Amino acid sequence: MIIFDTNAIHLLSPQSPRADLIRKLQESGHHRVAVPWMVMEELAAHQAKHYPDKYNTVMKSLDQLRQVLPWELTSSLEPLDVERLLDHWRGVYSGIFEVIETSGEAARQALAREAMALKPAKRANDHSEGARDAAIWFSILDFLRKNPDEHVYFVTNNTKDFGDGTEYPYPMNEDVSGLEHRLSRLADFNEVVSQFTKEVSGEAAVAEAEKLLRSARVRQLVAQTAAGVLASPSGYQGLDDSDGVTVWSSWLGAPEIDLLSVTEVTGHEIEGDVWYTAKANWLLYGSAFGGDGESLLDVAVTWDIKVLFSTDDGDARPTLLTEGSPTPPDTADDRCMEVLRQLKERAARATQKAMDALNVTGTAAKAAALAYGDAVAKAAMPVINPSISEVGKALTASFPKLDIATTAAVQAAIGINPSIFEAQRAIAKQLGIAKPHLDIASTAAARMAAVAPIIDPAIFGGHRSVLAQIGAMPAYRFAAARAALSQEDEEEDIDAEDGGDATEEEDADE
């Protein structure tokens with residue numbers, strides 16, 4: 001177990017190479033990396049401590065502005081909420097470190113140690129201080145006692161209060177008696193790197209990164225993640241089908257995707273396993289909601305993400321560390337535009353495949369069928385593609401291969417089967433159980449109840465009557481079906497990679 005003191009990770013950026021290396025150590029399965037509860041609180045406090053002063057400065061500026069305006073100033077700030085900001089940073093750092101809790105007994109011991117100004121607390125002029133250091137110390141000792149098979153590497157440069165790791169001042173020498181052989185000190189982050197990793201670099205690292213990131217499995221994972229996390233009420237910029245810049249707010253389903261480039265590849269060997277981080281630039285193309293959140297359009301964007309992965313892992317599923325905001329592709333980049341042309345052709349083939357599966361003829365019938373498919377998809381999409389990106393990330397992580405909206409839309413459009421709504425309710429119930437705080441089940445049930453009355457096949461005698469009923473709906477294109485069938489193509493690619501062959505009977509069923 002590697003346990004960090006605050007001074008070794010002060011103002012640690014979650015996007016920094018140091019944070020990436022900590023993740024590599026954690027993901028390797030060979031090491032655990034943690035901070036005591038007190039260190040977690042100090043990390044969050046260091047990020048949030050200037051917030052109240054900056055807030056008050058802005059409030060004073062608004063008051064001064066009101067004094068010189070002849071009209072009432074309607075601009076205002078949300079209430080000061082320090083705890084909200086602290087919770088944000090606690091959540092961020094909890095994604096990097098385990099947290100060793102500080103027991104009530106450890107907290108009492110720490111306060112008593114400060115009152116007596118005994119190490120790791122101390123006397124400072126006319127008062128005592130150091131209860132936080134003492135709480136960190138007693139938390140580490142508690143962990144050692146509760147985990148007799150663990151060896152702790154405590155990373156701190158505070159030798160004045162904690163000792164040098166070979167000798168401990170009184171009464172710390174008595175505190176650690178019988179445990180000292182399982183407690184070692186490392187001075188700083190560089191000693192952690194030297195102790196536990198070996199850097200791997202060069203062309204081999206880049207080649208391994210490209211091979212993994214271009215695989216069908218990873219492309220599918222990234223596409224599903226993009227559909228889950230890329231949602232903004234203010235919208236993003238992208239290219240429409242005429243290569244003009246447009247505004248869009250969220251994907252309708254998983255987009256078509258291809259890898260443009262891999263850069264900033266670094267690798268570290270940890271206990272024989274090699275772990276990499278890399279920056280991947282992706283090109284995405286698919287149907288999305290417009291800036292108004294209602295209209296549909298096809299849009300292309302580029303998207304930078306940082307990934308952590310190991311080529312020794314047979315599952316070959318990278319961890320998505322950070323992502324940037326999507327941006328319009330560079331129309332002057334010939335290679336990028338050629339890849340975009342290929343993505344559009346792939347999407348067109350998927351659309352035609354969807355139309356063939358519907359087995360309908362005539363312009364009106366096709367328009368009605370497509371409208372129905374997109375109406376179902378649009379109603380279901382907020383369940384798995386909420387505007388809050390954190391919720392989207394949580395669902396993507398929990399159900400990486402579940403694409404409710406597109407699958408349901410295709411089944412409903414092909415079968416015109418009222419049982420699809422019961423299936424969607426069942427899926428929503430599963431999600432609600434898995435993520436109770438999101439209250440997905442009730443939201444999904446309400447949305448499905450709103451959609452279901454639109455079509456009542458029992459009233460009509462056949463398929464044509466159903467199509468006639470939905471013909472008045474907005475003639476959206478069948479983007480959801482296209483996305484779902486595109487996913488089938490990806491799965492066929494995966495089968496091909498695994499050496500699987502489809503039988504003639506499977507071809508006939510399709």
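Here are two short exercises on rings and cores, with worked solutions.

This is a predicted model, where local features need pLDDT of at least 70, side-chain atom pairs count only at pLDDT 80 or more, and totals for chains, interfaces and linings use all residues. Residues are numbered from 1 along each chain as its sequence is written, and side-chain values use heavy atoms, with hydrogens and water left out.

**Exercise 1.** Work out how the rings of Phe4 and Phe189 are arranged, stacked or not.

*Solution.* Start with the rule: rings of Phe, Tyr and Trp (its six-membered ring) pair if their centres lie within 6.5 Å, and planes under 30 degrees apart count as stacked, over 60 as edge-to-face and the rest as tilted.

Next, plug in the values: the centres of Phe4 and Phe189 are 5.8 Å apart with 25° between the planes, which makes this pair stacked.

Then place the rings: Phe4 is in strand 1 (residues 2-4) and Phe189 in helix 9 (residues 189-196), so the pair ties together parts 185 residues apart in sequence. Helices (H or I, at least four residues) and strands (E, at least two) are DSSP runs, numbered from the N terminus.

Finally, look around: Phe97 joins Phe4 and Phe189 in one aromatic cluster.

**Exercise 2.** Find which residues touch the most other members of the largest nonpolar core.

*Solution.* First, the term: a nonpolar core is a set of buried (under 20% relative accessible area, 1.4 Å probe, protein chains only) Ala, Val, Leu, Ile, Met, Phe, Trp, Tyr and Cys residues joined through side-chain atoms within 4.5 Å.

Now read off the answer: among its 54 residues, these are Phe4, Phe97, Trp137 and Leu183. Helix 6 (residues 131-146) gives the most to this core, with nine residues.

How values were computed. Buried means under 20% relative accessible area, exposed over 50%, partly exposed in between (1.4 Å probe, protein chains only).
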